[in-house]
Amino acid sequence: MVAQREGIVTPEAVLLRFETAGIPSRALAKALDVVISLFAVSALMTAVTLLAGGDGLSDTVLAALGIIASTLVVVVYPAVAEARWGTTIGKAACGLRVVTVEGGPVRGRHALIRATLQLIDIVIVPIGVIAVLSSLFSPLDQRLGDRVAGTLVLRSRAAADRATALAFPPLPGYEAYVASLDVSRVTAEQYEVLRSFLTRVGELQPEARFHLADLLAKPLAVAMAHVVPPHLHPELFCACVA
């Protein structure tokens, strides 16, 4: 299964496009993460054994270390990495990034839900079947953890390679407001979705335009730590950010 150009579908059946990651690239990223995690855990257990004086560890201690190691590999490492950087080492190597369905950066709760549900998606027998089936029947290639957490895995490299230059000059009368905005924390994924919306906004009915603009404006304001003026329409705010 290859990656698909998918995105947010508006009530008017207009698709705001971005490229989701398919099963092969996600499986490769997960394999890389598992290898890296197991290597780190093996090094840690070797260090613990040496510190114990080389006499070996009891079965109880080994079992406890095994549980701790499994938790680190399956839950803690991906949750922390995705919450902090939006990706893991394996995903970064494959050019993948995790975002919310609105195109915003994932938070701690998103990452923790995704990581915890890997126990169902990937770990339990039959290994990986639930994740594969969930992705196959999802138009956005979402495994169960993505559906519950409200996240997507995007191919950030491919999207960046195909991007074309497009300018959004300040709207008349809003030049000072645009100059005051700090957009340094707006991610490339958020901008891609925003750009897609603004270039296709003419295809939407007024109600759908407002609904989608509001959907995109809220996570943008949160990312920027910005309070949108009460009188400013969400679509105007999106245009000012762009």
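## Helix packing and selected residues in a predicted model

The axes of α1 and helix α2 (residues 59–85) come within 10 Å of each other and cross at roughly 150°. Because angles over 145 degrees count as roughly antiparallel, α1 and α2 are roughly antiparallel to each other. In this crossing, which is right-handed, α1 passes α2, and the residues that meet are D33, S37, V41, M45 and V48 on the side of α1 and L62, L65, A69, V73 and Y77 on the side of α2. An α-helix has 3.6 residues a turn, so residues three or four places apart point the same way.

The model described here is a predicted one. Its chain has 242 residues, of which 40% count as buried, and its secondary structure comes to 12 helices and four strands. Among the contacts in the chain with a separation of 6 or more, 66% are accounted for by residues that lie 24 or more positions apart.

### The second packing partner of α2

Helix α2 also packs against helix α4 (residues 108–116), at an angle of about 150° and with the two axes 8 Å apart. That angle makes α2 roughly antiparallel to α4. Here α2 passes α4 in a right-handed crossing, and the contact is made by V74, V75, P78, A79, E82 and A83 of α2 together with G108, A111, L112, R114, A115 and T116 of α4.

A111, which is found in helix α4, has a relative accessible area of 0% and is therefore buried. Leaving aside neighbours within four places in sequence, A111 is in contact with A79, E82 and A83, and these three residues are among those that α2 contributes to its contact with α4. The C-alpha atoms of A111 and V98, which are 13 residues apart along the chain, are separated by 8.9 Å.

Is R84 of helix α2 buried or exposed? With a relative accessibility of 57%, R84 counts as exposed, and its place is in helix α2. R84 and G108 are 24 residues apart in sequence, while their C-alpha atoms are 8.1 Å apart in space; G108 is itself one of the α4 residues in the contact between α2 and α4.

### R26 and its surroundings

R26 lies in helix α1, which covers residues 23–51. At 16% relative accessibility it counts as buried, because the cut-off for that class is under 20%. A polar atom of the R26 side chain lies 2.6 Å from the backbone oxygen of D141. Not counting residues up to four places away in sequence, R26 touches A21, L96, R114, D141, Q142, R143, D146 and V153, and R114 also belongs to the set of α4 residues that take part in the contact with α2.

### Helix α10 and its N-terminal cap

Helix α10 (residues 188–200) has 13 residues, which at 1.5 Å a residue should span 18 Å, and the C-alpha atoms at its ends are 18 Å apart, in agreement with that expectation. T187 caps the N-terminal end of this helix, with a side-chain oxygen lying 3.0 Å from the backbone nitrogen of Q190. Q190 is also one of the buried residues of α10, which are E189, Q190, E192, V193, L194, S196, F197 and L198.

### L119 and A225

L119 has its place in helix α5 (residues 118–123) and, at 38% relative accessibility, counts as partly exposed. When neighbours within four places in sequence are left aside, L119 is in contact with V74 and I124; V74 is, in addition, among the α2 residues that make the contact with α4. L119 and G145 are 26 residues apart in sequence and 9.5 Å apart in space, C-alpha to C-alpha.

Where does A225 lie? Its place is in the loop between α11 (206–224) and α12 (234–241). A225 has a positive phi of about 55° although it is not a glycine, and with a relative accessible area of 59% the residue is exposed.

The table gathers the accessibility of the residues discussed individually.

| Residue | Relative accessibility | Class |
|---|---|---|
| A111 | 0% | buried |
| R26 | 16% | buried |
| L119 | 38% | partly exposed |
| R84 | 57% | exposed |
| A225 | 59% | exposed |

Conventions. Residues numbered from 1 in each chain as written. Predicted model: local features only at pLDDT ≥ 70, side-chain atom pairs only at ≥ 80, totals over all residues. Heavy atoms only, no water. Helix = DSSP H or I, 4+ residues; strand = E, 2+ residues; numbered from the N terminus. Buried < 20%, exposed > 50% of the residue type's maximum accessible area, 1.4 Å probe, protein only. Polar contact = N/O pair within 3.5 Å; in protein donor to acceptor, adjacent residues only side chain to side chain. Contact = heavy atoms within 4.5 Å. Expected span 1.5 Å × (residues − 1). Axes fitted to C-alpha atoms, helices over the stretch in contact; angles between N-to-C directions. Parallel < 35°, antiparallel > 145°, perpendicular 65-115°, else oblique. Left-handed = near helix turned anticlockwise from the far one by under 90°.
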